[in-house]
Every structure is written in C-alpha cells, then in structure tokens.
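Here is a short report on the hollows, sheets and domains of one protein chain. Keep the structure in view as you read.

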Amino acid sequence: MLCGRTNVNKFLIEEQRRNPALIGDLSMLISDIVRSCKAIAQGVSRGSLAGVLGDEGQVNVQGEVQKKLDVLANQAFLHHCEWGGHLAAMASEEMADIYPIPTEHPRGRYLLVFDPLDGSSNIDVNLSVGSIFSVLRCPERADDRPPSSADFLQPGSRQVAAGYALYGPSTMLVLTVGNGVFGFTLNREIGEFLLTHPNLRISPETREFAINASNERFWEPPVKRYVSECLAGRTGIRGQDFNMRWVASMVAEVHRILMRGGVFLYPRDSKDPAKPGRLRLMYEANPMAMIVDQAGGLASTGDAHILDVQPTSLHQRIPVILGSRHEVERLERYHREHANGEDQPFRSPLFSTRTLFRDD
Ligand code: F6P
C-alpha cells in the first residue's frame with residue numbers, strides 16, 4: 001500500500017522540475033537536513049534505552065540548561081549538513097556563535113539556522129518534541145571572507161525553505177520551499193519520509209487557542225482582552241465556546257494548528273522586561289511563520305507580520321501570535337485599538353473581566 005507514495009527525495013526532485021528557482025543544491029541540502037532529523041528521531045525514540053535522557057550539565061547561550069539530547073541533536077545537524085558543499089555556515093539555538101563550514105569542505109551558497117530540539121523540557125517526560133529549520137541564501141561577497149553573523153540577519157520573507165520534524169507518536173516532517181506546505185511521515189521499516197499530507201491548509205476560522213495561562217498577569221492588554229472574550233464563550237461577545245490546549249512544544253502546537261486550525265500565542269509580556277517575548281526569531285518564529293503563511297494562515301507579533309521583521313541579532317526573542325488567519329487578524333486589530341486608545345469599553349471597570357481562574 002505504501003509503495004505508491006512519494007518519498008521526500010522524489011518530492012524535491014519533482015518540485016525542482018516545477019520551480020527552476022529551486023536549484024539543485026537546495027534540494028540536496030534539504031536531503032541532508034532530512035537525514036539529521038532521522039538520526040534525531042532514532043535517539044528520541046530510544047530514550048532511556050540509549051541513555052540519552054537527562055541534563056548535559058551545561059547552560060546554552062539562552063541561559064537554559066542543555067539536555068543531552070539537545071547536544072546530540074545539534075551534533076546531528078552539524079555532522080549531516082557540513083560536508084555536502086551546499087552551506088556557507090550554520091547557526092543554532094545551542095551555539096552562541098555561527099558555525100562557518102570548516103575549510104576542508106567546499107563552501108556553498110546557503111545558510112542554515114535551526115533549533116535542533118525544540119520543547120526539550122518535554123524530553124524527560126516522553127512527550128512530543130521537534131526540530132525546526134530555516135534556509136537562507138548567503139549574501140554574495142566580493143572577497144573570500146567566511147560568512148559572519150550579520151549575513152544571517154535577514155527578514156523571514158527571504159527564507160527559501162523552512163520546516164520542522166515532529167517526534168510524536170509518529171515522526172513527521174513538514175516542509176515548505178515556498179510553494180505550499182507538505183507533510184511526510186517516517187516509515188521506520190524502510191527509513192523513508194513518505195508524503196502523507198499534501199498541500200496543508202490552515203482553516204481561517206477556529207474555536208481553539210493555545211497559551212501558557214500561568215503568565216496571564218504579565219500579558220499585554222490586547223491579549224488579555226482576546227483571551228477573556230474566548231473564555232466568556234457563547235454568553236460573551238464572541239457568541240461561541242472556545243477550547244484551549246498547551247503542549248509546551250511549539251512544534252506540536254503548530255502541527256495541531258496545521259491539522260485542525262487554532263491560534264498559538266507566546267505574546268510580549270512584562271515578566272522579564274529585558275525579553276520582548278520568549279521565542280526566538282531566527283530559528284523558531286521565522287520558519288514557523290513561513291510555514292503558517294504558506295498554509296494560508298498568519299503569523300504576527302501583534303503589531304507587525306513576523307516575516308517582515310528585520311532581525312538585529314542571532315538569538316533575538318520576539319512575541320509570536322500565529323495560526324488561523326481571522327483570529328490573528330482580530331488580535332492585530334486589538335493591538336491597534338489598544339495603541340490608539342480605542343479599546344475603552346474593554347478598559348472600563350464595567351467590562352466583566354474573566355480570567356482563566358475566576359469569573360468576576
Ligand atoms: O523555547 C521554546 C519552547 O519550549 C516552545 O517550544 C514552547 O512553545 C515554549 O517554549 C514553552 O514555554 P513554557 O515553558 O512557558 O510553557
């Protein structure tokens with residue numbers, strides 16, 4: 001039954017024939033990324049049997065304790081992607097600085113940015129985690145200088161490919177090369193990702209949202225307004241009941257949204273004034289924004305489209321609101337109305353402020 005399915009390599013070759021802009025080494029680079037994800041899937045699925053769970057004992061550039069699997073997953077990307085001649089440099093959540101391709105390998109024309117294992121607090125409790133990646137063109141340079149971190153600081157609209165692997169009950173690869181979003185499922189018997197979800201689209205409407213409710217007191221007013229209206233359900237202004245989910249793994253949340261719609265929020269909050277959001281622009285927000293955009297959804301900070309944001313540093317954080325287009329547009333409107341002081345009814349004490357924990 002499976003022999004009729006398209007594997008990811010065939011998909012890339014056919015895509016390349018349709019789209020001449022997708023030059024040969026991009027599809028070969030994606031094949032190297034796919035190999036990295038297969039190796040990580042193997043480590044994640046063996047868990048305790050392979051002795052890969054637990055902390056590594058180091059702290060990464062984000063100030064987060066690295067898990068052993070974070071480090072192994074980072075090594076898998078470097079190992080599988082450095083030698084092919086397609087890349088000029090890589091950057092990842094787990095490395096403070098960029099990783100220029102060692103001189104023993106040919107230097108290519110792309111840059112790869114990745115989060116090798118996103119949601120890694122879920123690893124030790126055997127819940128879904130994922131890898132996220134983004135491919136950019138390396139700016140042309142007259143001399144032979146190696147790439148610098150400044151070369152990576154391109155807005156998400158310049159990504160040529162983006163995707164994620166979800167290590168869940170089944171391992172899936174979701175990919176865009178700028179021509180729609182395609183989902184592949186790993187068949188472990190033959191070691192191949194097979195096309196199972198062609199042309200994924202996010203429904204514009206939804207009745208499901210995802211947010212870490214423990215941060216409620218730190219949220220910005222437009223987000224408080226949105227969530228309180230959802231919670232009011234059919235008796236409130238929205239006139240319908242909403243459902244809530246939180247996996248604490250961005251890959252799993254985005255995947256659920258691709259499958260059945262929804263909106264995901266990790267908004268700007270006042271918890272730590274030094275951080276404008278929790279998620280990282282270059283290797284979390286941007287690749288997910290490209291996928292969501294290609295699937296007909298929308299990704300925003302609340303004030304600007306994520307794909308338009310000019311990065312200023314490699315590990316920059318950013319507020320993220322993404323998913324079903326009409327809900328994200330509503331959240332953008334609430335941000336505009338708040339900025340213009342037009343959300344007075346909401347600010348009034350007469351407004352019934354519902355919270356997640358009580359209904360005043
Ligand atoms: O840093 C990324 C991440 O693990 C995301 O995958 C996830 O959406 C979020 O952080 C979870 O945050 P929290 O710990 O606040 O639930």
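## The cavity

In this predicted model, β6 and α6 (281-294) each supply at least two residues of the lining of the largest cavity. The lining residues are Ser134, Leu136, Gln154, Pro155, Gly156, Gln159, Met282 and Asn286. Sort them by class and you get three nonpolar, five polar and no charged residues.

How much space lies in the largest cavity? The answer is about 30 Å³. The count of cavities of 30 Å³ or more comes to one. Empty space of this kind is found by rolling a probe the size of a water molecule over the atoms.

## The pocket

Now turn to the largest pocket. Its volume is about 430 Å³. Its lining has 26 residues, and Gly119, Ser120, Ser121, Ala248 and Arg278 lie nearest the centre. Two or more lining residues come from each of β2 (65-67), β5 (110-118), α5 (250-260), β13 (263-266) and β14 (279-280). Which element gives the largest share? That is β5, with three residues.

The classes in the pocket lining are eight nonpolar, six polar and 12 charged residues. Both domains take part: domain 1 (8-197) and domain 2 (208-339) each give at least three residues to this lining.

## Two domains

The domain assignment splits the chain into domain 1 (8-197) and domain 2 (208-339). How far apart do the C-alpha centres of domain 1 and domain 2 lie? They are 24 Å apart. The two domains also touch. On the domain 1 side, 47 residues are in contact with 32 residues of domain 2.

## The eight-stranded sheet

Strands of a sheet pair through backbone hydrogen bonds, either parallel or antiparallel. One open sheet here has eight strands, in the order β4-β3-β5-β6-β7-β8-β9-β10, and its pairing is mixed. At the edges are β4 (99-100) and β10 (192-197), each of which pairs on one side only.

Look at one pair inside this sheet. Strand β7 (residues 161-167) and strand β8 (residues 171-176) run antiparallel, joined by six bridges. Gly163 stands opposite Leu175 in β8. Helix α3 (residues 68-81) lies across β3 (87-92), β4, β5 and β6 (129-137). The helix runs at about 155 degrees to β5. α5 packs on the sheet as well, touching β5, β6, β7, β8 and β10. The direction of α5 makes about 105 degrees with that of β7.

## The five-stranded sheet

A second open sheet has five strands, in the order β12-β11-β13-β17-β15, again with mixed pairing. Its edge strands are β12 (243-244) and β15 (298-300), and each pairs on one side only.

Which strand do four bridges join to β13? That strand is β17 (residues 320-323), and the two run antiparallel. Phe264 stands opposite Leu322 in β17.

α5 appears here too. This helix lies across β11 (208-210), β13 and β17. α5 runs at about 30 degrees to β17.

## Pulling it together

Follow α5 through the model. α5 packs on the eight-stranded sheet, where β5 is among the strands touched. α5 also lies across β13 in the five-stranded sheet. And α5, β5 and β13 are among the elements that give two or more residues to the lining of the largest pocket.

Conventions:
Residues numbered from 1 in each chain as written. Predicted model: local features only at pLDDT ≥ 70, side-chain atom pairs only at ≥ 80, totals over all residues. Heavy atoms only, no water. 1 Å grid on protein atoms, 1.4 Å probe; cavity = no way out; pocket = protein on both sides within 12 Å on 5 of 7 lines; lining within 4 Å. Points joined across faces, edges and corners; volume = space filled by probe spheres on them. Nonpolar A, V, L, I, M, F, W, Y, C, P; charged D, E, K, R; others polar. Domains from an automatic or database assignment. Pairing = 2+ DSSP bridges. Contact = heavy atoms within 4.5 Å. Axes fitted to C-alpha atoms, helices over the stretch in contact; angles between N-to-C directions.
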